[in-house]
Amino acid sequence: SGASTVGEAVDYKIIGIDPGAGLMKATAKVLDEYKLDDWKLVEGSSAAMTAALKKAYDKQEPIIVTGWTPHWMFAKFDLKYLEDPKGVYGPDETINTIARKGLKDEAPEAYKVLDQFNWTPDDMAAVMSSIQNGEKPEDAAAQWVKDNGDKVAKWTDGVKKVSGDKITLGYVAWDSEIASTNVVGKVLEDLGFKVTLRQVEAGPMWTGVADGSLDAIVAAWLPSTHEDYYNRYKDKIDDLGENLKGTKLGLVVPAYMDIDSIEDLKK
Ligand code: PBE
């Protein structure tokens with residue numbers, strides 16, 4: 001393309017996601033701490049980010065995106081995380097389940113499932129891949145639940161069936177959370193709950209579980225990604241602990257790009 005630096009090659013743009021995502025805040029800090037003053041973090045959505053990645057990848061063109069694990073994109077494309085020698089993106093963290101205060105007493109059976117829900121990055125990636133391959137999220141979740149009776153039995157251990165009790169789960173349209181929320185929703189539905197999955201932005205998701213308009217979320221990335229949200233609402237929520245371990249955030253590029261570290265963006 002004639003560009004002599006990676007910055008010129010990608011027009012000094014990093015393709016981001018929704019502005020409420022912790023990943024965006026972390027990436028703004030990366031630009032600051034690595035003194036990448038010429039660079040712009042482009043706001044958008046998870047779907048727009050993966051569409052841009054696919055478009056560039058198909059043409060073997062350079063692109064830099066904000067990415068995270070678990071995510072189907074690592075199975076679909078040959079990608080790499082740029083090294084982060086300053087550790088700005090922080091260590092691996094967990095995804096936690098958060099309930100509204102009062103859920104434990106008012107919906108103990110749902111609470112118990114939410115408390116016992118726990119799976120692996122591979123489990124989550126399997127659901128994400130089915131969705132990516134064109135299945136509807138609710139169908140992909142139902143298939144996973146059907147194929148993983150042993151795991152689901154642990155989540156529902158000691159839980160009594162209900163008849164039509166309402167439960168509302170909030171989530172953001174991040175591919176990872178579309179997968180997890182649909183799976184938990186399906187498990188609750190199979191126990192007799194009338195489940196609503198409400199898609200919201202990140203800020204309203206946390207506000208919702210704090211003010212009780214949402215019963216629970218399975219999408220809290222802690223301790224760093226959602227640190228600000230967590231600190232703001234920690235006295236108004238019930239943290240049920242981790243449901244998944246082994247996440248990662250960072251800048252992601254196609255493996256064919258000739259850079260390895262965030263430091264390389266300065267050249
Ligand atoms: N994510 C996926 C979210 C949490 C789940 C990493 C894009 C975020 O950055 O807030």
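## Cis peptide bonds

Pro70 is placed in the loop that runs between strand 3 (65-69) and helix 4 (73-76). In this predicted model, the peptide bond leading from Thr69 into Pro70 is cis, and its omega is near 5 degrees.

A cis bond is also found from Leu222 to Pro223, where omega is near 10 degrees. Pro223 belongs to the loop between strand 8 (216-222) and helix 12 (227-233).

## Positive phi angles

Asp11 is not a glycine, yet its phi is positive, near 60 degrees. This residue sits in the loop between helix 1 (6-9) and strand 1 (13-15).

Lys35, likewise not a glycine, has a positive phi of about 55 degrees. The loop that holds Lys35 connects helix 2 and strand 2 (40-42).

## The shell around the ligand

Two domains are involved in holding the ligand. Domain 1 (6-89 + 248-266) and domain 2 (94-245) both contribute residues to the shell, so the ligand lies between them. The space that the ligand takes up is the largest cavity.

The residues around the ligand are Ile17, Ala21, Gly22, Leu23, Trp68, Trp174, Ser176, Glu177, Trp221, Thr225, His226 and Leu249. By type, seven of the shell residues are nonpolar, four are polar and one is charged. Helix 2 (22-33) and helix 10 (175-190) each provide at least two residues of this shell.

## Polar contacts and burial of the ligand

Which backbone atoms lie 2.7 Å or 2.8 Å from an oxygen atom of the ligand? In Gly22, a backbone N or O atom is 2.7 Å from a ligand oxygen. In Leu23, a polar backbone atom is 2.8 Å from an oxygen atom of the ligand.

A side chain takes part as well: an N or O atom in the side chain of His226 lies 2.7 Å from an oxygen atom of the ligand. How much of the area that the ligand exposes when taken alone does the protein bury? Taken alone, the ligand exposes 280 Å², and the protein buries 100% of that.

## Summary

The ligand lies between domain 1 and domain 2, in a space that is the largest cavity. Polar contacts to ligand oxygen atoms come from the backbone of Gly22, the backbone of Leu23 and the side chain of His226. Elsewhere in the chain, the backbone has cis bonds before Pro70 and before Pro223, and positive phi values at Asp11 and at Lys35.

Methods. Residues numbered from 1 in each chain as written. Predicted model: local features only at pLDDT ≥ 70, side-chain atom pairs only at ≥ 80, totals over all residues. Heavy atoms only, no water. Near = heavy atom within 4 Å. Polar contact = N/O pair within 3.5 Å; in protein donor to acceptor, adjacent residues only side chain to side chain. Areas by Shrake-Rupley, 256 points an atom, 1.4 Å probe, with all protein chains shown as cover. 1 Å grid on protein atoms, 1.4 Å probe; cavity = no way out; pocket = protein on both sides within 12 Å on 5 of 7 lines; lining within 4 Å. Sits in = over half its atoms within 2 Å of the grid points. Helix = DSSP H or I, 4+ residues; strand = E, 2+ residues; numbered from the N terminus. Nonpolar A, V, L, I, M, F, W, Y, C, P; charged D, E, K, R; others polar. Domains from an automatic or database assignment.
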